[in-house]
Amino acid sequence: MAKVVLENVHKSFPNRNQDSATVPIAGETLGISTKKTPVARSKSRSTAVSILRSINLTVEDGEFMVLVGPSGCGKSTLLRSIAGLEELTGGNIFVGDRKVNNLAPKERDIAMVFQNYALYPHLKVYDNLAFGLRRKGAKLEQKYKEKFNAPQSSIFQHIEDLLVATTRSLPKQLRYISKKEKFVNRQVREVAKLLQIESLLNRFPKQLSGGQKQRVALGRAIARNPQVFLMDEPLSNLDAKLRAETRAQIVKLQRQLGVTTIYVTHDQTEAMTMGSRIAVMDRGHIQQIAPPLEIYNRPANRFVAEFIGSPPMNFIEVEVRTPLSIANGEFRTTLPEVWKKSIQPYQGRSVLLGIRPEHLTIKPPAPKNIPVEIDSVEALGNDTYISGYFLGDLAPNEALRNRKTFLQARVSPDFSVRVGEEIWLSLDLDKIHLFDPKTEKTIWLS
């Protein structure tokens, strides 16, 4: 097992959006002075598109780290860079005490589980699980020599390999099984038992369901006994029920094995329930790294607050009028005393008030409650989700006033509400968040 350290990692791709009829001058994109050539220049110079920017991350030995973010934020590119499938533009990656920037993927002692399973269709489940073990070569050879006290002679090894190769096509009872292959067999059987896929070992991938394929892909990674597991959205192809079951199984396996794991997902439920820590990414940057509940309760900025949580956090622009009073149109309330020092610099200015849907409740009309016209109602049985528009939203100008504030609330199913009805929502003032409207960073309690 090993710690994974990323130091100032950058990744960019060349921008190929150029006029296809022209070619840029060689060296021009590198800032090198070049002589004019008869080849026509492109109207727009080639510029690099930055995918990852200044990524600094330490994943501790045995930790389950989840990278979460919207599509296109760079999380899969980061995972592929750690695996060696993408070449870095800048920065360093360490696995254990080794710098792996220039090592081939097979030399990094990392196992990766892909989104599409990536099983070999012509091999049975047993051989899919054994494939990585057989390819490990010298390391595996040393393991089985130590375990079985096999002779160290290379001549003996050549004879064994020759016997295995020449008898492979014979009936099973006539084949020669080397001690190395016996070791592989033992490893495969142990992994199959761990994942409860012993009955599937003689099937081909096309004979498996999606959940079974996923367990085989996990098994192939586990069988190699790597220093690090990398998982790229491995549950995205499964149905909801199977996803929940497999999610719990992966967490249990990771705790049993104690292998450092980096898991990529866009599903915040997976992130919150699986990771010991979460790294939230957006547009190539890591926005916040923290345990799940800290991410949820103390988001670093508006993006994290809005991305983590379902339904997402509501935001209302309010004006700070007195040391603790905030208002917007018909809505005005007094904040708890603990906010006094933090919002003092914002006197007479606007801030963003954030409140999660579960921290809103239906109450009688009052200035401290928010008037909302219901736009939709989703009754789920155990909860009811209502969505609507804030009435009387007072913005600094008419253009902003025409852009209504949309709010969502999770309320008790005992409340009977209809579309078009006007209700009043009360805020749990102990659960509010405040954000700077320009930087969108959290205004922390002093």
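The accessible surface of the protein comes to about 23700 Å², and 50% of this surface belongs to carbon and sulfur atoms; such areas are obtained by the Shrake-Rupley method with a 1.4 Å probe, and for residues only the protein chains shown count as cover. The structure is a predicted model, in which local features need a pLDDT of at least 70 and side-chain atom pairs count only at pLDDT 80 or more, whereas totals for chains, interfaces and linings use all residues. Residues are numbered from 1 along each chain as its sequence is written, and side-chain values use heavy atoms, with hydrogens and water left out.

The protein has eleven helices and 20 strands, where helices (H or I, at least four residues) and strands (E, at least two) are DSSP runs numbered from the N terminus. Of its 446 residues, 44% count as buried; buried means under 20% relative accessible area, exposed means over 50%, and partly exposed lies in between, with a 1.4 Å probe and protein chains only. Among the contacts in the protein with a separation of 6 or more, 70% are accounted for by residues 24 or more positions apart, a contact being defined by heavy atoms within 4.5 Å.

An example of a residue with several such contacts is T384, which is found in strand β17 (residues 384-390) and counts as buried at 5% relative accessibility. When residues up to four places away in sequence are not counted, T384 touches V377, E378 and A379, and also A409, R410, V411, S412 and P413.

Side chains of opposite charge can pair when their charged atoms come close. A search of the whole structure finds seven salt bridges, each defined as a side-chain nitrogen of Lys or Arg within 4 Å of a carboxyl oxygen of Asp or Glu. One of them joins the side chains of K11 and E86 (3.9 Å, N to O); because K11 lies in strand β1 (residues 4-14) and E86 in the loop between α1 (75-83) and β4 (90-95), this pair ties together parts that are 75 residues apart in sequence. K11 counts as buried, at 7% relative accessibility, and together with R80 and E86 it is linked in a network of salt bridges.

In another salt bridge, D282 pairs with R283, the closest N and O atoms being 3.2 Å apart. Here D282 is buried, with a relative accessible area of 10%, while R283 is exposed, with a relative accessible area of 62%. The side chains of R302 and E306 also meet in a salt bridge (3.9 Å, N to O), and these two residues are separated by about one helical turn because they stand four residues apart in helix α10 (residues 302-307). R302 counts as partly exposed at 21% relative accessibility, and E306 is likewise partly exposed, with a relative accessible area of 35%.

Patches on the surface are made of residues with over 30% relative accessible area and no salt bridge, like charges being joined within 9 Å and nonpolar side chains (Val, Leu, Ile, Met, Phe, Trp, Tyr) within 5 Å. A patch of negative charge gathers E330, E373, D375 and E422; Lys and Arg count as positive and Asp and Glu as negative, with His and the chain ends not counted, and the place of a charge is taken as NZ of Lys, CZ of Arg, CG of Asp or CD of Glu. Within this patch, D375 has its place in strand β16 (residues 370-379) and is partly exposed, with a relative accessible area of 40%. A nonpolar patch is formed by I159, L163 and Y176, with about 250 Å² of accessible area together. Y176 lies in the loop between α4 (154-167) and α5 (179-195) and counts as partly exposed at 32% relative accessibility.
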